[in-house]
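Dear colleague,

Please find below the sequence and structure that I am handing over to you. A summary of what was found follows directly after.

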Amino acid sequence: MVVSHSRALARAAVALAAEMTQGRPVPLEIAAGLDETTTGTDAVAITTAIQAADRGDGVVVLMDLGSAVLSAELALEMLDDDARERVVLCAAPLVEGLVAAVVTAAGGAGRKEVAGEAMGALGGKLAHLGGQEPRQPEGTGTDSDADFVVRIPHGLHARPAARLVTLARDLDARVELRNGTTGSGWVPASSLSRVATLGVLPGHRVDVRASGPQAREAVDGILALAAADFGETEGDRAVPEPPARAPVGAGVPASPGIAVGPVRHAASAVLEVPDEPYRGAEQERGRIEAATATVRDELRRLRAATAREAGEGHAGIFDAHLLLLDDADLLDDVRARIDDGSPAPRAWADATGRVAAEFDALEDPYLRGRASDVREVGSQVLRTLLGAGSAAMPGAGVLVAPDLSPAEAAVLDPERAAGVLLAYGSPTSHGAILARTRGIPAVVGLGPAILEVPDGTPVALDGGTGEVVVAPADPVVVEFTKRSAEQASRRDRAAARASAPAATRDGEPLTVGANVGSVADARAAAGSGADLAGLVRTEFLFLDRDAAPDADEQEAVYRQIGEALGGRRLTLRTLDVGGDKPLRYLPADAEANPFLGVRGIRHSLAHPHLLADQLLAFVRVAYDVPVSVMVPMVSTVAEVVTVRRMLDEAVARAGRGTPPGLRVGVMTEVPATALKTAALTPYVDFFSIGTNDLTQYALAAERGNAALAGLADGLDPGVLRLIDAVCRGADGRATVAVCGELASDEAAVPLLAGLGVRQLSVVPRMVPLVKEAVRATDLAAATRAAARALDAPDAATVRGLIP
């Protein structure tokens, strides 16, 4: 029987399972929903259904989730002891488990075997998606064997597999199958879940063997069933020809642009540690010190380059890597292993492996994710020790890799890397963002199939749509090349009028600024036509040093940024560190989840002397350059009131009165802050929405987590409702800006404008294109589309609504 929150779902699952019984009806009962439309579960209804299903042999109960399990357990308590003993509550997945259970029950199996088959029902999916179940032991005593080729287009899927299993169970024989094409292990033909693990596709050869009194009948029957295409319809029998286009699958767009070129697989980051002679503790320690010093210098170089190109927010990832090189626990372990006689490479590999394994074993997903940092730094040092060089692409073309680390992305040469295709990864990961800042088209989340494409195979990709075509036909290449030329022409037109103000087609002006994290960034922003610095990441002055900069040093650098921008407004964000961006001179307690810890304004208020000096530097600059003070990670009104009081104190210290044009605003990154914008509006002049953090907090999906690439989308209707709440709460009394990655998405610009956003701040190279997106926007149509988007079911639907 089926216990589900949804009556419609339960009926559909039962109907699907009933198709598999080959005319042998299995008693099925449903206890689902509170009525036809109301979701929920009812223990009394479950008890009644169990009693109706029980014909004396017992009942297997499958449940969907949550309270369905609790309700089923309560229902058992309502049965008498004899009936309760005949009931099995099965934890199998509802749909797959029900199909397997019904097929097994139709063959006359008892409740324990039925429940066991249901529990193994995910085997086919696990095998197909990479979690291959253990191969079955080789059988013995074969009396008959043969093979057949599957001709139906979807392979040995649920319905034909159920027919085969039913036939095998009817005969007095031990029947086994294997996928002869893939060389799989043998599995019992009487188990639907085991047959599913074979992953039999159209054109695959299946080997059959049987032993026992009816072995010959079993093999002959299966061959006859296969010859009849398992009873499938005539239209399903032919294996379709491969299409002229051969897309790997729907990828996730990560960096816009078109690329056509040969596949170039990234050199493997996995190194074999060779056996080598031990040179003595002193020499082996010296090798470690030299290698870590080399890697430290390289990481600092990459950090500086990343800060220039993508800002401090993305350069900060290298701080964690630098800290690992000085980790006392790790280095003590390495030294101890060397003292015990291990050569430097082996000692380093074993010690970093131990630390990574400890992170892997932790329950907290954020901390588990830090294992990748350990492995990356470990690999860099090991390569240096072994003189293996960097893991780079072997030639010009389209880079294909499982994922892209920040260090690998930071050294990509746009002249060699026409594009990037990743099996995993996220469009908001540091690696993807760095590819975007370097103008390299990228598609992520393609799955492991992309890794099987042979090196040198031609491939075409569109990083703006996620489309990937392997071995494209000539017309497809022509089409992609044409699209690439059109994009290049559009970029040229955008650059030609980048310095002009941007307004929608119906005359509504939108300001387009740049996010900067250095003086060099500011120069690039000015050259790109930015109307202002919409975000200055001031932490670049505070990181990777042994003491904080004083007010004088800060003032000098902020003035340089102002001069580089020709006197345009500077939005100076107060120090955004802490948690995942630690300061060496202000050690902090370890946090289980730094993204939810003492960071942003929380960190600044915990160290008020730093904030006081920074605000003083802001005020001094504001006498000569228009300044907006932006406070990050705000979650309460009290935080803003405190900062305003400290800003007043800074004005008093400067002794020249309030600077003209001085504005105060907050970053909206916390969902609760978005929902209480109206309460904050009396205290601020503007709100700047950080969509990267707002998205990950709203969807409970870490933006760097590759497994959540399809979930962490800033166009999710839930995120858009938060942006809408900010615009409505500001109610024209405060400006609303967006400074996160979503602002750089040209497709998102109309929706943001339609919701009420009037300022966008993006990486410098995107300023011209975002201005063009503003000019192409019909605000009236965008407002209507935005209203519909708020009620859409998902981000994909939202993208379809964009005018």
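Of the contacts in the protein with a separation of 6 or more, 72% are made by residues 24 or more positions apart. Please bear in mind that this is a predicted model.

The protein has 33 helices and 24 strands. Its length is 803 residues, of which 52% are buried. The exposed area of the protein is about 33300 Å², and carbon and sulfur atoms supply 53% of that area.

Turning to the interior, the largest nonpolar core comprises 98 residues. Within this core, the residues with the most contacts are Leu715, Leu720, Ile723, Leu751 and Leu760. Helix α24, which spans residues 608–622, contributes eight residues to this core, and that is the most given to it. Another core, of 31 residues, lies apart from the largest one and includes Val103, Ile152, Ala189 and Val206.

Which residues does Ile723 touch, if those up to four places away in sequence are not counted? They are Ile689, Thr691, Leu694, Leu742, Leu752, Leu755 and Val757.

The aromatic residues also deserve a mention. A search of the whole structure finds two aromatic pairs. In addition, the charged end of Arg483 is placed over the ring of Phe480, at 4.5 Å from the ring centre. Likewise, Arg656 has its charged end over the ring of Tyr623, at 4.1 Å from the centre of that ring.

Yours sincerely

Conventions
Residues are numbered from 1 along each chain as its sequence is written. This is a predicted model: local features need pLDDT of at least 70, side-chain atom pairs count only at pLDDT 80 or more; totals for chains, interfaces and linings use all residues. Side-chain values use heavy atoms; hydrogens and water are left out. Rings of Phe, Tyr and Trp (its six-membered ring) pair if their centres lie within 6.5 Å; planes under 30 degrees apart count as stacked, over 60 as edge-to-face and the rest as tilted. A charge sits over a ring if NZ of Lys or CZ of Arg is within 6 Å of the ring centre and within 35 degrees of the ring normal. A nonpolar core is a set of buried Ala, Val, Leu, Ile, Met, Phe, Trp, Tyr and Cys residues joined through side-chain atoms within 4.5 Å. Buried means under 20% relative accessible area, exposed over 50%, partly exposed in between (1.4 Å probe, protein chains only). Helices (H or I, at least four residues) and strands (E, at least two) are DSSP runs, numbered from the N terminus. Contact means heavy atoms within 4.5 Å. Accessible areas come from the Shrake-Rupley method with a 1.4 Å probe; for residues, only the protein chains shown count as cover.
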